[in-house]
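Here are my notes for you, as numbered points. Keep the viewer open and click along as you read.

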Amino acid sequence: MIEYKHVALLGLGLISSSIAHALRRAGFDGKIVGTARSAATRQQAAALGFCTRIAETNREAVTGADLVIICTPVGAMGGIAAEIAPALSPGATVTDVGSVKCRIIEAVSPHIPDGVDFIPGHPLAGTEHSGPASGFAELFDNRWCLLTPLEGTETAAIERLGTFWQALGSRVDTMDPSHHDLVLAVTSHVPHLIAYTMVGVADDLQRVTESEVVNYSAAGFRDFTRIAASDPTMWRDVFLNNKEATLEILGRFTEELFALQRAIRTGDGDHLHDYFTHTRAIRRGIIDAGQDTAAPDFGRFVAAKLPPKEPS
Ligand SMILES: NC(=O)c1ccc[n+]([C@@H]2O[C@H](COP(=O)([O-])OP(=O)(O)OC[C@H]3O[C@@H](n4cnc5c(N)ncnc54)[C@H](O)[C@@H]3O)[C@@H](O)[C@H]2O)c1
Ligand SMILES: O=C(O)C(=O)C[C@]1(C(=O)O)C=C[C@@H](O)C=C1
């Protein structure tokens with residue numbers, strides 16, 4: 001059962017509008033107060049009708065709220081925390097949905113007043129679309145929501161937030177923030193960077209050869225173009241704020257790529273065959289373990305393989 005009565009959604013886009021739709025679907029009868037920076041977005045959200053009320057400012061939206069969810073790009077979150085701090089109600093929970101965790105904790109937690117809990121969160125669910133019209137109630141169904149609570153946070157507050165995400169359809173787990181950032185670098189951030197790069201390469205090639213690279217693209221490349229259509233502000237902020245983990249995984253990726261490049265150049269078919277046999281076994285292992293093909297389960301697989309990172 002959802003224990004909150006007044007939910008503030010800061011930033012009206014894909015994730016916040018999906019939260020609002022999923023709340024309605026769950027039968028939530030409390031207040032949902034949303035806000036966004038631009039008057040145009042606030043008007044668009046008001047017309048879509050998923051909020052009880054649209055506030056003019058972040059501070060106005062959090063006044064009286066017992067749950068505040070920061071749903072903006074990662075780079076804006078510290079400034080928003082500073083802005084809302086004086087208006088937060090004692091006993092309220094502040095959370096976020098950002099795709100990275102350590103930098104958000106550094107930026108937000110210094111502003112959170114005593115008597116308010118800050119419990120960082122990340123629903124592992126999304127699409128390449130953005131804005132208030134892109135949300136839908138089913139987005140979080142059967143997807144993981146990872147909470148990365150700070151030391152000393154009361155268990156009851158963490159459980160309350162976990163129950164909230166379960167009511168939206170999610171499976172909930174907790175994780176150390178720096179481990180989260182490393183796992184997500186493998187399962188989401190570097191794959192996005194690769195997709196962005198591959199689409200850029202194909203575009204370049206098409207311009208050079210005037211061939212029909214994009215028109216005749218096969219399914220794999222089409223998936224890359226879907227991912228590469230994701231919001232540029234969101235992804236700029238992800239890479240700037242998960243720099244260390246992204247560079248570490250990118251380094252490992254490059255080493256493997258060079259080894260495969262060398263095998264192709266030298267005609268080392270055994271290396272290629274062994275490598276592809278190994279990766280196929282990984283995929284089959286995930287399916288045999290009874291986990292479906294959704295990204296969050298792959299995330300669990302990667303999380304189990306990576307050593308926990310020391311908090312920085
Ligand atoms: N899109 C995904 O696939 C996905 C999945 C999981 C988590 N996330 C995370 O969720 C967050 C939101 O992503 P989204 O996809 O909903 O983005 P979105 O672009 O659809 O929505 C973000 C909204 O925040 C608003 N905004 C920006 N700065 C603001 C500010 N200072 N004050 C108030 N509003 C502001 C924007 O105008 C926009 O309306 C990001 O931190 C992202 O990392 C995204
Ligand atoms: O499905 C997609 O389009 C996504 O990119 C969603 C996705 C992901 O990489 O899985 C993207 C970023 C998030 O922080 C969580 C989920």
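1. Let's begin on one side of helix 6, where Thr-155 and Ala-156 are exposed. Keep in mind that you are looking at a predicted model. Helix 6 covers residues 155-167, which makes 13 residues. From its first C-alpha to its last it reaches 18 Å, close to the 18 Å expected at 1.5 Å a residue.

2. Now turn to the other side of helix 6. Which of its residues are buried? They are Leu-161, Gly-162, Phe-164 and Trp-165. If you look down the axis of helix 6, these buried residues fall within an arc of 155°, so they line one face of the helix. Here's the rule of thumb to remember: an α-helix has 3.6 residues a turn, so residues three or four places apart point the same way.

3. What do the buried residues of helix 6 pack against? Quite a list of strands: strand 4 (67-70), strand 5 (93-96), strand 7 (121-123), strand 8 and strand 9 (171-174). After helix 6 comes Gly-169, and its phi is positive, near 110°.

4. Next, find Ala-26, in the loop between helix 1 and strand 2 (31-35). Is Ala-26 buried, exposed or partly exposed? Count the other C-beta atoms within 10 Å and you get 16, so Ala-26 is partly exposed; a buried residue would need 20 or more, and an exposed one would have 12 or fewer. Leaving out residues up to four places away in sequence, Ala-26 touches Ile-2, Ala-167 and Leu-168. Ala-26 also links back to helix 6 in another way: Phe-164 is 138 residues away from Ala-26 in sequence, yet 9.9 Å away in space, C-alpha to C-alpha.

5. Zoom out to the whole protein chain. Its secondary structure comes to 12 helices and 9 strands. Of its 312 residues, 38% are buried. Take the contacts between residues at least 6 apart in sequence: 76% of those join residues at least 24 apart.

6. How is the chain divided up? The domain assignment gives domain 1 (6-175) and domain 2 (179-305). Their centres, taken over C-alpha atoms, are 29 Å apart. Where the two domains touch, domain 1 puts in 18 residues and domain 2 puts in 21. On the domain 1 side, the elements giving two or more residues are helix 5 (102-108) and strand 8 (144-147). That side is a mix of 8 nonpolar, 6 polar and 4 charged residues.

7. Then have a look at ligand 1. How many residues are around it? There are 27, and Gly-11, Gly-13, Ser-99, Gly-126 and Ser-130 come nearest. Sorted by type, the shell around ligand 1 has 14 nonpolar, 11 polar and 2 charged residues. Both domains take part, with at least three residues drawn from each of domain 1 and domain 2. Helix 1 (14-25) and helix 9 (232-241) each supply at least two residues of this shell.

8. Last, a closer look at helix 9, one of the helices in that shell. Its buried residues are Met-234, Asp-237, Val-238 and Asn-241. Seen down the axis of helix 9, they fall within an arc of 105°, so they line one face of the helix. Try colouring these residues and turning the helix end-on to see that face for yourself.

Note on methods
Residues numbered from 1 in each chain as written. Chains lettered and ligands numbered in written order. Predicted model: local features only at pLDDT ≥ 70, side-chain atom pairs only at ≥ 80, totals over all residues. Domains from an automatic or database assignment. Contact = placed C-beta atoms within 7 Å. Helix = DSSP H or I, 4+ residues; strand = E, 2+ residues; numbered from the N terminus. Nonpolar A, V, L, I, M, F, W, Y, C, P; charged D, E, K, R; others polar. Near = placed C-beta within 6 Å. Expected span 1.5 Å × (residues − 1). Arc of directions from axis to C-beta.
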